[in-house]
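Colleague: I would like to learn how to read a model of this kind, one feature at a time. Where should we begin?

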Amino acid sequence: MAEAGEKNVRRAGEGRREDPALGQSSPRTERAAAELAADLPVAPALEARDLTLSWDGAHVVVADVDVTVAPGEVCCLVGRSGCGKTTILHALAGLTTPMAGRVLLHGEDVTGRPGRVSYMLQKDLLLPSRRIIDNVCLPLVLAGMKKADARAKAEPFFERFGLAGCERKWPSELSGGMRQRAAFLRTYLMGADVTLLDEPFSALDALTRTDVRRWFVDVAAELGLSALVITHDVDEAVSMASRIYVLAGAPAAGEPSHVVGIVTVDRVTSESFELTDEYLAAKREVMALLG
Ligand SMILES: Nc1ncnc2c1ncn2[C@@H]1O[C@H](COP(=O)(O)OP(=O)(O)OP(=O)(O)O)[C@@H](O)[C@H]1O
Ligand SMILES: [Mg+2]
């Protein structure tokens with residue numbers, strides 16, 4: 001069991017385990033995520049290359065971060081509170097410009113250019129004074145679409161997002177899971193095929209969270225989305241991702257965070273994946289990397 005998980009871990013700086021030479025490489029020169037990108041037959045949907053980020057230009061929050069999300073893949077970035085996950089999301093969304101490194105979308109350099117990926121920020125709540133349909137349509141209206149056209153575009157998705165009949169309701173009339181699906185529909189309508197989600201399910205109770213995670217993985221596959229989900233919840237990461245990037249460090253103490261390992265999850269088709277040996281092996285590996 002443990003071996004099954006262990007063989008799927010790449011510590012940052014290591015290549016494949018079966019190549020003895022790679023184990024001696026410098027973490028800065030031999031990067032697993034970059035290798036993964038090179039292995040793909042097409043350009044990755046999203047790539048962070050050597051990202052070094054700072055909010056003030058002086059204190060480095062994260063250094064030399066490489067992340068690769070293949071087309072149609074759901075990956076997670078997991079790390080403890082304050083290690084720099086949201087900082088990375090802002091850079092990937094083009095909301096900030098890195099000190100060093102690049103962000104590539106389907107091979108195109110989009111570093112520092114917003115509007116190219118869809119994203120849901122950590123506290124991205126629905127506006128209480130707008131009906132669900134108008135909350136969901138917000139990105140379209142902000143992009144200049146007429147309200148009626150935006151509604152016509154959004155309405156067909158309500159059923160697939162489990163929101164049929166909720167169009168005219170207020171956010172306060174929906175359950176937490178429904179609100180989260182509405183927020184995700186709003187994100188989806190931003191129109192990009194690459195989605196970044198920051199702690200999307202953390203406010204939900206455990207059972208709802210499990211349902212919404214499963215729903216998200218299914219709907220992402222159906223819509224052909226590539227997603228990077230940011231979380232501090234190891235269970236969330238293992239239950240959703242095919243690959244987990246583990247971030248560790250203490251930027252507030254002057255120790256920039258790095259990707260310390262990548263765990264590949266052996267997905268087995270099972271209604272109860274969370275009870276399988278493969279699940280537990282992957283969870284153990286992520287927890288070991290987090291320290
Ligand atoms: N807007 C900002 N301006 C200045 N510093 C910031 C800003 N946002 C975050 N930081 C600092 O950057 C570091 C990383 O914060 P970040 O929000 O990226 O962590 P996180 O991993 O997302 O944490 P959490 O899991 O609690 O959301 C912290 O030291 C934080 O104080
Ligand atoms: Mg955060």
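**Reading the model**

Modeller: Start with one residue: Leu289 sits in helix α9. Keep in mind throughout that this is a predicted model.

Colleague: Is Leu289 buried or exposed?

Modeller: The general idea first: in soluble globular proteins, nonpolar side chains tend to be buried together. To decide a single case, count neighbours; a residue with 20 or more other C-beta atoms within 10 Å is taken as buried. Leu289 has 23 other C-beta atoms within 10 Å, and is therefore buried.

Colleague: Which residues does Leu289 touch, apart from those up to four places away in sequence?

Modeller: Val246, Ala248, Val260 and Gly261. Take Ala248 as an example: 41 residues separate it from Leu289 along the chain, and the two C-alpha atoms are 8.1 Å apart.

Colleague: What does the span of helix α9 tell me?

Modeller: Compare the expected length with the distance in the model. Helix α9 covers residues 277-290, which is 14 residues, so at 1.5 Å a residue it should span 20 Å; the C-alpha atoms at its ends are 20 Å apart, which agrees.

Colleague: Which residues of α9 are buried?

Modeller: An α-helix has 3.6 residues a turn, so residues three or four places apart point the same way. In α9 the buried residues are Tyr279, Ala281, Ala282, Lys283, Glu285, Val286 and Leu289. Just after the helix comes Gly291, with a positive phi of about 80 degrees.

Colleague: Where would I find a second helix to read in that manner, and what covers its buried residues?

Modeller: Try α4, residues 132-142, where Ile132, Asn135, Val136, Cys137 and Leu140 are buried. The cover over the buried residues of α4 includes α5 (147-154) and α6 (176-188). Gly144, just after α4, has a positive phi of about 105 degrees.

Colleague: Which residues touch the most other members of the largest nonpolar core?

Modeller: That core has 74 residues, and Leu92, Leu228, Ile244 and Val286 touch the most other members. The greatest contribution to this core comes from strand β3 (residues 60-69), with seven residues. Domain 1 (2-117 + 194-290) and domain 2 (124-191) each supply at least three residues to the core.

Colleague: What is Leu92 in contact with?

Modeller: Setting aside neighbours within four places in sequence, Leu92 is in contact with Leu46, Ala48, Val103, Val117, Leu196 and Leu228.

Colleague: What should I look for in the backbone angles?

Modeller: Most residues other than glycine have a negative phi, and most peptide bonds are trans. A positive phi in a residue other than glycine therefore deserves a look, given that general pattern. His106 is one case, with phi near 45 degrees. Glu199 also has a positive phi, near 45 degrees.

Colleague: Where do His106 and Glu199 lie?

Modeller: His106 is in the loop between β5 (100-105) and β6 (108-109). Because His106 has 16 other C-beta atoms within 10 Å, it is partly exposed. Glu199 is in the loop between β8 (194-198) and α7 (206-223). Glu199 counts as buried, because it has 21 C-beta neighbours inside 10 Å.

Colleague: Is Pro41 buried or exposed?

Modeller: Pro41 belongs to the loop between α2 (32-39) and β2 (46-54). It has 6 C-beta neighbours inside 10 Å, so Pro41 counts as exposed. Pro41 and Ala70 are 29 residues apart in sequence, with 9.8 Å between their C-alpha atoms.

Colleague: How do I read the surroundings of a ligand, and which residues come nearest to ligand 1?

Modeller: List the residues around the ligand, then sort them by type and by element. Ligand 1 has 14 residues around it, of which Trp55, Ser81, Lys85, Thr86 and Thr87 come nearest. By type, the shell holds five nonpolar, eight polar and one charged residue. Helix α3 (residues 85-92) gives the most to this shell, with three residues.

Colleague: How many helices and strands does the protein have?

Modeller: Nine helices and 11 strands. Of its 291 residues, 42% are buried. Among contacts with a separation of 6 or more, 65% are between residues 24 or more positions apart.

Methods: Residues numbered from 1 in each chain as written. Chains lettered and ligands numbered in written order. Predicted model: local features only at pLDDT ≥ 70, side-chain atom pairs only at ≥ 80, totals over all residues. Near = placed C-beta within 6 Å. Helix = DSSP H or I, 4+ residues; strand = E, 2+ residues; numbered from the N terminus. Nonpolar A, V, L, I, M, F, W, Y, C, P; charged D, E, K, R; others polar. Buried ≥ 20, exposed ≤ 12 C-beta atoms within 10 Å, placed from the backbone. Contact = placed C-beta atoms within 7 Å. Core = buried A, V, L, I, M, F, W, Y, C linked by C-beta atoms within 7 Å. Domains from an automatic or database assignment. Expected span 1.5 Å × (residues − 1).
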